[in-house]
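Colleague: Please take a close look at the enclosed space inside this model and tell me what surrounds it. Then work outward to the rest of the fold, keeping the reasoning explicit.

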Amino acid sequence: MGQKRFPQGLIAGILVALFFGVALYLRVVLPYDQVFVGEWIKFTGTDAYFFMRLVDNLVHNFPHLITFDPYLLYPGGSDVGTHSFFIYLLAGIVWLFGLGSPTQHLIDVVGVYFPAVLGALTVIPVYFIGRVLFNWWVGVIAAGLVGLFPGEFLGRSILGFTDYHVAETLFTTVTMLFLILAVKNARQKELDFNHVKSWDWPTIAKPLIYSLLAGIFLGIYFLTWQGALLFVFVIFVYLVAQFVIDHLMGRTTAYLCFVSTITFIASLLVFLPAVTDKISLASLIVAIIIPIALALLSSFMARRGTKPALYPAALIGVGLLSLAIFYVISPSLLKAMLGQLGIFSWPIGTTVLEMQPLLFPGGHFSLAVAWGNFTTGFFLSFIALGIIIYLVIKQGEADKALFVVWSLVILAATLAMRRFAYYFVVNVAVLAGYLSWLALEFSGFKIPVAGLSEVPEETKQKTRQKKKQRGGSRLAGRANMVFGVIVVFFLVFFPNIGRAIETASQVRFAPSDAWHESLDWMKDNTPDPFDNPDFYYELPPQRESYSYPKSAYGVTAWWDYGYWITRIGHRIPTSNPGTHNMGEAHLFVAQDETSANRILKDRWSSKYVITDYAIAMPIGGKFHALAALSGNNQEKFYDVYYQPEGGWLKPVVLFYPEYYCSLVVRLYNFDSKQVIPRNCTVISYRERVSRGGQIYKEITGVQSFSTYGEAEDYIASQKSGSCRIAGIDPFVSPVPLEALEHYNLVYSSKSSKMIPSGGLVPEVKIFEYVE
């Protein structure tokens with residue numbers, strides 16, 4: 001009797017389900033205790049608080065979503081974008097679970113689980129992409145890898161990271177899956193215009209359905225993110241390349257025209273009801289026209305018997321002429337559309353982490369970020385990509401060519417900005433899965449093409465004879481297969497496990513306990529800016545017809561914390577992560593109270609100022625950002641010196657009077673109180689040059705004086721000028737400070753931070769501005 005085998009579809013299904021479970025475990029279980037903290041439910045992404053604010057309002061006014069929100073920014077409020085499918089999807093699920101009246105707890109619970117589920121679901125379309133392009137083994141391995149890769153995708157899909165980035169990845173992956181299916185099926189059936197004219201349903205049915213589904217998900221992607229033209233560009237590049245290849249090879253291009261036109265029309269119809277920007281609308285219309293024009297040109301030249309080699313030149317000519325005509329009609333729109341390609345430019349000197357080039361973080365070449373996102377998969381993907389490009393050139397498979405173009409374009413975007421690694425993770429997973437399969441195939445694994453009972457006995461005997469001719473016994477063959485599995489596991493999977501656990505266990509962007517308790521206090525103990533706590537859940541009027549009540553006021557903090565203030569505290573920040581720095585840097589480094597008051601009261605009408613340990617600390621904190629964004633160098637406020645100690649030079653950070661006189665330091669470090677220093681230290685130094693050619697400051701002497709005046713007199717008497725008043729402790733000022741007249745400390749968090757002297761200081765402090 002023959003040995004009974006499990007169906008490969010069942011095995012694949014079990015493995016994909018297992019990998020889905022692993023992906024969900026990483027995203028839910030590991031960060032769980034940092035998200036569900038006592039009575040709090042914390043979100044782990046900064047922008048998550050923005051999206052959840054919109055969800056809060058939408059579920060109470062379903063299906064009406066606000067387009068203007070007075071809670072997001074003071075004064076003036078803030079418009080809310082129209083790319084809202086992510087918000088509607090989440091709010092709709094919450095609304096259904098809550099039977100039309102969900103509690104705040106239910107909103108929060110569903111909200112924190114939402115990104116983790118979407119991230120784990122991405123495993124499924126990745127499996128099918130690998131299976132459609134290659135085989136089910138590639139699909140299974142790719143499915144396992146995409147859920148395991150550390151870095152941007154995992155970090156943006158953990159419990160509580162309720163942002164649309166994970167939805168972008170899922171929707172684009174599904175879009176490309178159906179597009180690959182449509183291209184592959186249409187190409188295999190050699191679909192042409194005659195099939196369409198005669199409505200040959202058996203031929204056009206699957207390509208039509210797949211194209212429609214690809215278009216629907218592309219349209220959903222447009223409704224999710226305003227940068228969705230990225231994948232229109234991916235498809236456009238592929239179409240141009242494939243049209244040229246097919247025409248040169250004498251093949252019909254009708255199937256490309258059919259698939260792409262249906263896809264773009266479907267996406268436009270989905271996106272059209274919500275379209276507000278001309279760029280996306282014009283781009284989709286152009287995307288519909290281009291494949292039709294390319295197909296007509298190909299057909300025209302083929303009928304005329306024109307040399308195929310002239311087709312690329314004709315495309316260039318027609319393309320340049322079209323651009324010229326477009327420029328004449330609407331130069332501003334053309335420039336705006338071409339400006340979307342700016343995502344492929346490498347930002348120079350940016351301090352925004354996610355916008356830095358993948359291989360040049362901080363401006364210096366490094367593989368650390370690439371390794372942190374994909375480990376060995378990053379390097380293996382280049383090998384696999386090279387092999388697939390060779391196969392495409394040799395065999396001319398249109399579906400694989402689509403995957404190659406997709407991978408190359410997203411690679412270019414990722415190299416320019418590391419944030420796009422959450423897209424590239426899909427390509428790396430499939431590429432690494434393909435290379436892994438080649439290794440497994442080499443070790444003896446095979447893909448059964450039919451059931452065992454369907455294979456003729458003669459074929460079975462030939463197969464056995466071939467195995468004997470190789471000289472390998474059955475035991476040796478299985479040993480090779482086991483060895484292949486071990487190699488793939490330790491080379492492809494194992495390097496990701498530890499890093500994935502580390503990434504999923506970190507919730508770097510969640511508010512600390514101190515921030516949560518401080519904003520809870522503010523919500524319960526400060527005047528409601530609208531004189532109505534329920535206004536937070538009401539649908540406000542449009543911007544044109546809205547004016548703030550007299551009771552409204554702003555709350556000023558560093559812009560990172562703006563969305564927290566809105567959603568947790570139900571108060572109005574004067575800046576947020578969407579606006580970035582609105583002048584807080586100048587406020588917080590202001591050297592006198594009068595200058596600070598002009599910014600705080602005259603510009604913002606703020607009633608409260610919130611400071612925290614991070615914003616006041618230069619080392620390990622954000623004070624360096626205050627210095628940079630206020631137009632100063634950090635050396636104005638503090639610098640690193642080197643002090644001789646036991647034959648070595650020990651680095652030490654010294655703080656200048658400008659640091660201690662900064663408003664944020666006078667508030668946070670000294671509670672706005674008067675400071676009379678017990679002594680004042682003057683350091684003498686000399687500048688030296690290291691062996692590497694870098695200039696550094698070496699301390700040559702330290703003088704202590706009983707008053708600040710004596711220290712100034714001493715410096716004035718020195719001819720060298722290489723001496724300065726400085727402090728070594730940010731909480732011990734060497735300069736006298738007057739009490740701040742208009743800032744009263746009204747709340748200090750119970751949670752605290754350790755200071756250099758060994759004591760504890762509340763992590764967050766709230767000050768009220770009083771006239």
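Modeller: Start with chemistry. The lining of the largest cavity has seven nonpolar residues, one polar residue and no charged ones. Keep in mind throughout that this is a predicted model.

Now the size. The volume of that largest cavity is about 30 Å³. How many cavities of 30 Å³ or more does a search of the whole structure find? The search gives one.

Next, the wall itself. Its residues are L179, V183, I235, Y238, L239, L256, V259 and S260. Three elements give two or more residues each to this lining: α9 (165-188), α12 (229-248) and α13 (254-271). Sort the wall by helix. L179 and V183 fall in α9. I235, Y238 and L239 fall in α12. L256, V259 and S260 fall in α13. One general point helps in reading such a list. An α-helix has 3.6 residues a turn, so residues three or four places apart point the same way. The polar member of the lining is S260.

Now step back to the whole protein. It has 771 residues, and 52% of them count as buried. Its secondary structure comes to 31 helices and 15 strands. The C-alpha trace spans about 100 × 70 × 55 Å along its principal axes. Take the contacts between residues at least 6 apart in sequence: 72% of them join residues at least 24 apart.

One helix makes a useful geometry check. Helix α23 covers residues 513-525, which is 13 residues. At 1.5 Å a residue it should span 18 Å, and its end C-alpha atoms are indeed 18 Å apart, so the two agree. Which residues of α23 are buried? They are A514, W515, H516, E517, S518, L519 and M522. That list includes E517 and H516 as well as W515 and L519.

Now a strand. S606 sits in strand β6 (residues 606-612). Is S606 buried or exposed? It counts as buried because its relative accessibility is 0%. Its contacts, leaving out residues up to four places away in sequence, are G554, V555, T556, T574, L600, K601 and Y769.

Then the cysteines. The structure holds zero disulfides. C680 is in none; the nearest cysteine sulfur to it belongs to C661, 11 Å away. A disulfide needs two cysteine sulfurs within 2.5 Å, so that gap rules a bond out. C680 is also buried, with a relative accessible area of 0%. What about C723? Its sulfur is 12 Å from the closest cysteine sulfur, the one in C680, and that is too far for a bond. C723 counts as buried too, because its relative accessible area is 5%, under the 20% cut-off.

C723 lies in β11 (723-725). The loop between β11 and β12 (743-748) holds V732. V732 and F655 are 77 residues apart in sequence, yet their C-alpha atoms are 10.0 Å apart in space. Leaving aside neighbours within four places in sequence, V732 is in contact with Y660 and F670.

Last, the backbone. Two peptide bonds into proline deserve a check. The bond from F62 to P63 is cis, with omega near 10 degrees. P63 is in the loop between α3 (48-60) and β3 (68-69). The bond joining Y74 and P75 is cis as well, with omega about -10 degrees. P75 belongs to the loop between β3 and β4 (78-79). So β3 borders both loops, because one loop runs from α3 to β3 and the other from β3 to β4.

Two residues other than glycine have a positive phi. W199 has phi near 50 degrees. W199 is in the loop between α10 (193-197) and α11 (201-224). T375 has phi of about 45 degrees. T375 is in the loop between α17 (368-374) and α18 (376-395). How do they sit with respect to the surface? W199 counts as exposed, because its relative accessibility is 52%. T375 counts as buried, because its value is 0%.

Key: Residues are numbered from 1 along each chain as its sequence is written. This is a predicted model: local features need pLDDT of at least 70, side-chain atom pairs count only at pLDDT 80 or more; totals for chains, interfaces and linings use all residues. Side-chain values use heavy atoms; hydrogens and water are left out. Buried means under 20% relative accessible area, exposed over 50%, partly exposed in between (1.4 Å probe, protein chains only). On a 1 Å grid over the protein atoms alone, a cavity is a set of points where a 1.4 Å probe fits but cannot get out, and a pocket is an open set with protein on both sides within 12 Å along at least five of seven lines; lining residues have an atom within 4 Å of a point. Grid points are joined across faces, edges and corners, and a volume is the space filled by probe spheres set on the points. Helices (H or I, at least four residues) and strands (E, at least two) are DSSP runs, numbered from the N terminus. The expected span of a helix is 1.5 Å times one less than its number of residues. Contact means heavy atoms within 4.5 Å.
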